[in-house]
Amino acid sequence: MSARRAIIAGTGSALPRTRVSNAELSDRVDTSDEWITDRTGIKFRHIAQPDETTATLGAAAAAKALEAAGMDAGEIDLIILATATPDNTFPASATKIQRLLGIRGCAAFDVAAVCSGFLYALSVAESMIRAGSASKALVIGSETFSRILDWEDRTTCVLFGDGAGALVLKAEDGDRGILATKLHADGEYDDMLFVDGGPSTTGTVGKLRMKGREVFRHAVVNLAEVMTETLNLAGVHADDVDWVVPHQANARIIDATVRKLGLPAEKVVVTVDQHANTSAASVPLALDVAVKDGRIKHGDLIVLEAMGGGFTWGAAVIRF
Ligand code: UT7
């Protein structure tokens, strides 16, 4: 008997209108195109204008995913938004996205796991679909990190960008769909990558702070381990993987991680050069790029992975 699984029925993404190059950034920050390119692989990032928010970008990405799935927004019975930069402290920006999509009544909530947020949201949605409490879900990653960056701190402000990516998940019996997910967190490292404000502490929004070298070191180890763990859970081998869609933080982290698994660079989707690190949006944004340009096709075995503040990290193995 085939199992009820969550399959990806459509993908979508949205980027702010304004694209900023490293050279443009170096006019306002003490940095250079050469440093940013060498250390990170980043060339461009998109920065939201005041009328562009996490919810508007998320809704735009969701609308495109629904279109790709050939589905009406009214069919959706669950919306999960992964974000660390909600429009307001509350209500959840997922409910604003629901309103922007013109639908009412279905469950809608935010998940906060920073750069791993999309993997967390995907895992929750998949569990709810398999349990039968949802059948058609929007899983969205949307961020406006430009609003929490310290633009005086060159060690962080050059690394991030704004954007959104979305998936429609649908219940289906068969072999396609999410085969396994695995999530981890370790609060011991909560001072490595954090925002120095919040409603219950300073009463302010705060700015992003990061010990970049430490995050880098942990990222490579944790990501390689969780990918291996998730491939094992899915009962597949690294050699069977068609595409890795990694969190887009740094080209050097991506290279080092896939090398540890013995995977060739040609099987890795890289968009960090175009989008920089868009936190929870980075994985669905990269996935949409590779689906739309025809690289990822139905039947392909794909691995998603991400690591972020907390620390949190996770992976998913999917038969697309
Ligand atoms: O999603 C998860 C979140 N974040 C990440 O995954 C980021 C993980 N970390 C990284 O990607 C890297 O650690 C960075 C890209 C942040 C930094 O690269 P690094 O090779 O670890 O550089 P570093 O921090 O060791 O800094 C090297 C030098 C320093 O100068 P000194 O002390 O050697 O004179 C920095 O002051 O580079 C300098 N520097 C810069 N120079 C020009 C730092 N930022 C900049 C900059 N432009 N923007």
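How many Å separate a polar side-chain atom of Asn-277 from an oxygen atom of the ligand? In this predicted model, the answer is 3.0 Å. Asn-277 has company here: a polar side-chain atom of Arg-39 sits 2.8 Å from a ligand oxygen, and for Asn-250 the distance from a side-chain N or O atom to an oxygen of the ligand is 2.6 Å. On its own, the ligand would expose 960 Å², and the protein buries 75% of that area.

Now let's look at the whole shell. There are 23 residues around the ligand, and those that come nearest are Thr-31, Arg-39, Arg-213, His-247 and Asn-250. By character, the shell holds eleven nonpolar, seven polar and five charged residues. Where do these residues come from? Domain 1 (4-175) and domain 2 (178-319) each supply at least three of them. Four helical elements, α2 (33-40), α6 (154-157), α7 (212-234) and α8 (251-260), each give two or more residues to the shell. The largest share belongs to α7, with four residues.

Next, follow the chain to a sheet. Four strands line up in the order β8-β13-β12-β11, making an open sheet with mixed pairing. At its edges you will find β8 (177-185) and β11 (243-246), each of which pairs on one side only. Ignoring direction, neighbouring strands in this sheet are turned by 15° against each other on average.

Let's zoom in on one edge. Strand β11 runs parallel to β12 (residues 301-308), and four bridges join the two. One place to look for this pairing is Pro-246, whose bridge partner in β12 is Glu-305.

Key. Residues are numbered from 1 along each chain as its sequence is written. This is a predicted model: local features need pLDDT of at least 70, side-chain atom pairs count only at pLDDT 80 or more; totals for chains, interfaces and linings use all residues. Side-chain values use heavy atoms; hydrogens and water are left out. A residue is near a molecule or strand if one of its heavy atoms lies within 4 Å of it. A polar contact is a pair of N or O atoms within 3.5 Å; within protein, one must be able to donate a hydrogen and the other to accept it, and residues adjacent in sequence count only if both atoms are side-chain atoms. Accessible areas come from the Shrake-Rupley method with a 1.4 Å probe; for residues, only the protein chains shown count as cover. Ala, Val, Leu, Ile, Met, Phe, Trp, Tyr, Cys and Pro count as nonpolar, Asp, Glu, Lys and Arg as charged, and the others, Gly among them, as polar. Domain bounds come from an automatic or database domain assignment. Two strands pair if DSSP finds at least two bridges between them. Axes are lines fitted to C-alpha atoms, for helices over the stretch in contact, and angles run from 0 to 180 degrees between N-to-C directions.
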